[in-house]
Amino acid sequence: MNKELEVESRCIHLSEDDKQSRYGSISFPIYQTATFAHPGLGQSTGYDYSRVQNPTREHLEKVVASLENGIDAIAFSTGMAAITTVLDLFKPGDHIIADRDLYGGTTRLFNSICEKNLIEFTYIDFSTDNPADYLKSNTKAFFIETPTNPMMNITDIRWCADVAHENGAILIVDNTFMSPYLQNPLDLGADIVVHSGTKYLSGHNDTLAGFAIVKDEKLSEDLRYIYKTSGANLSPFDSWLVLRGIQTLAVRMDRAQENALELAKWLENRKGPVVRVVYPGLESHPGHELQLKQARGYGAMLTFEVDSYESVKHILENTRIIQYAESLGGTETLLTYPLTQTHADVDPKELEKNGITKGTLRMSVGIENIKDLIADLDQAIG
Ligand SMILES: *Cc1c(COP(=O)(O)O)cnc(C)c1O
């Protein structure tokens with residue numbers, strides 16, 4: 001891996017990249033092929049069939065492995081495909097301790113598919129509860145997000161990894177909200193990092209992708225075996241789109257984060273229906289200090305609460321450049337209503353425990369001019 005370059009440069013260059021073998025082409029070619037001819041009996045070019053490996057996808061995987069300081073990154077068709085494959089490492093009777101405030105689709109996967117396959121879950125708030133109190137003899141993994149979605153709770157990754165390892169379990173971290181530019185859980189002891197590559201890595205809301213990154217040969221082998229068998233691969237063209245998106249990851253994250261901090265401060269001071277702002281960059285956030293201990297920034301996701309459903313409706317119907325849509329991590333600012341969108345399938349009791357109310361709105365802050373964002377939100381709040 002390309003450790004000698006800084007992260008901004010590693011978004012763009014791999015040191016071992018041999019451009020001569022592809023006529024000096026600056027943009028990595030899209031090898032739009034399902035299969036590869038063998039030079040002779042028992043011989044291979046290194047590629048046999050694109051479900052197993054494809055040069056475009058492999059190049060992307062090397063870039064992502066380098067950004068997360070892993071030995072292997074596997075590129076999936078979606079973030080959920082990556083998480084599903086990681087969960088395929090476990091067998092009936094295994095127990096996993098998971099955060100209570102996860103991406104809604106992950107909770108749905110655990111509840112409806114993994115439980116049917118007899119994997120057991122215990123849900124806790126890793127930012128306040130001690131996972132050691134919930135261990136069972138069959139506990140095999142912890143699954144966390146930090147910051148969590150949408151309540152932005154911050155969990156100490158190194159501490160979680162230590163508790164997991166002392167008890168024979170592994171730590172899996174969904175690092176989507178931070179992106180590898182801001183946080184590298186493998187360096188803090190995590191065993192597997194997953195990403196929805198649909199979000200900051202692609203960065204333009206134009207493709208779906210997912211990643212699982214590891215630093216251990218055995219986990220890499222096990223995941224690759226499931227991957228080539230179940231086949232949720234990223235296509236060559238989508239691999240190329242993600243490669244292109246990653247080239248600007250650092251500058252996009254910097255600008256989006258700058259905007260998010262300004263917006264969070266502005267919202268905190270905005271009179272009217274705004275009752276609470278949750279953003280790790282604010283000093284009022286309980287995880288503010290821990291965040292900077294383990295990450296290089298606060299990210300660009302923020303959550304705020306308004307006083308009523310009527311206020312939510314008013315805001316969502318009146319913004320002009322800020323759009324009401326699911327997803328995050330793109331250049332454009334989006335507002336999400338977790339109750340009916342990302343978290344529609346989560347048990348209402350769980351939502352209440354996590355502090356998600358009728359007035360909770362999540363914002364993925366984009367890279368527009370901050371003055372336009374504030375003006376838009378101001379007139380929409382009314
Ligand atoms: C979007 C998202 C996922 C799922 O990823 P897809 O690419 O939509 O399948 C998983 N985790 C988090 C934190 C997400 O935001």
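Where is the place of glycine 46? In this predicted model, glycine 46 sits in the loop between helix 1 and helix 2. Its relative accessibility is 55%, so glycine 46 counts as exposed. The C-alpha atom of glycine 46 is separated by 19 Å from that of leucine 14. Along the chain, these two residues are 32 residues apart.

Tyrosine 23 also belongs to the loop between helix 1 (7-10) and helix 2. Its phi is near 60°. That is a positive value in a residue other than glycine. Tyrosine 23 has a relative accessible area of 83% and is therefore exposed, the threshold being over 50%.

A positive phi recurs at asparagine 205, where the angle is near 50°. This residue, too, is not a glycine. Asparagine 205 lies in the loop between strand 6 and strand 7. With a relative accessible area of 33%, asparagine 205 is partly exposed.

The chain is divided into two parts, domain 1 (7-246) and domain 2 (249-381). Their C-alpha centres lie 26 Å apart. To the contact, domain 1 gives 40 residues and domain 2 gives 43 residues. The size of an interface is often expressed as the accessible area lost when the parts come together. Between domain 1 and domain 2, the buried area is about 3,500 Å². Carbon and sulfur atoms give 58% of that area.

Helix 7 was examined in detail. Helix 7 comprises 14 residues, 217-230. At 1.5 Å a residue, helix 7 should span 20 Å. The C-alpha atoms at its ends are 20 Å apart, so the expected and modelled spans agree. The buried residues of helix 7 are Leu219, Ser220, Leu223, Ile226 and Tyr227. These residues cover an arc of only 135° around the axis, and therefore lie on the same side of helix 7. The face turned away from this buried side carries exposed residues. They are Glu217, Lys218, Glu221, Tyr225 and Thr229.

Several elements cover the buried residues of helix 7. Among them are two helices, helix 2 (55-67) and helix 3 (79-87). The cover also includes strand 1 (72-76), strand 6 (192-196) and strand 7 (210-214).

Both ends of helix 7 show local features. At the start, a side-chain oxygen of aspartate 216 reaches to within 3.1 Å of the backbone nitrogen of lysine 218. Just after helix 7 comes glycine 231, with a positive phi of about 80°.

Helix 2, part of the cover over helix 7, contains arginine 57. The relative accessible area of arginine 57 is 1%, so this residue is buried, the limit being under 20%. Its side chain reaches the backbone oxygen of arginine 51 at 3.3 Å. Neighbours within four places in sequence are left aside in the following contacts. Arginine 57 is in contact with Ser50, Arg51, Val52 and Ala75, among others. Its contacts also include Tyr227, Asn233, Leu234 and Ser239. Of these, Tyr227 is one of the buried residues of helix 7.

Isoleucine 96 provides a second buried site. This residue lies in strand 2 (residues 95-99). Its relative accessible area is 1%, so isoleucine 96 is buried. Residues up to four places away in sequence are again not counted among its contacts. Isoleucine 96 touches residues including Leu87, Phe90, Ile119 and Glu120. Phe121, Thr122, Ala141 and Phe143 are also among the residues touched by isoleucine 96. Of these, Leu87 falls within helix 3 (79-87), while Ala141 and Phe143 fall within strand 4 (139-145). Between isoleucine 96 and histidine 195, the C-alpha separation is 19 Å. These two residues are 99 residues apart along the chain.

Cis peptide bonds were found in the loop that follows strand 4. One joins threonine 146 and proline 147, with omega about 0°. Proline 147 is placed in the loop between strand 4 (139-145) and helix 5 (157-166). Another cis bond runs from asparagine 149 to proline 150. Here omega is near 5°. Proline 150 likewise lies in the loop between strand 4 and helix 5.

Key: Residues are numbered from 1 along each chain as its sequence is written. This is a predicted model: local features need pLDDT of at least 70, side-chain atom pairs count only at pLDDT 80 or more; totals for chains, interfaces and linings use all residues. Side-chain values use heavy atoms; hydrogens and water are left out. Helices (H or I, at least four residues) and strands (E, at least two) are DSSP runs, numbered from the N terminus. The expected span of a helix is 1.5 Å times one less than its number of residues. Buried means under 20% relative accessible area, exposed over 50%, partly exposed in between (1.4 Å probe, protein chains only). The arc is that of the directions from the helix axis to the C-beta atoms. Contact means heavy atoms within 4.5 Å. A polar contact is a pair of N or O atoms within 3.5 Å; within protein, one must be able to donate a hydrogen and the other to accept it, and residues adjacent in sequence count only if both atoms are side-chain atoms. Domain bounds come from an automatic or database domain assignment. Buried area is the accessible area (1.4 Å probe) that two parts lose on being put together, summed over both.
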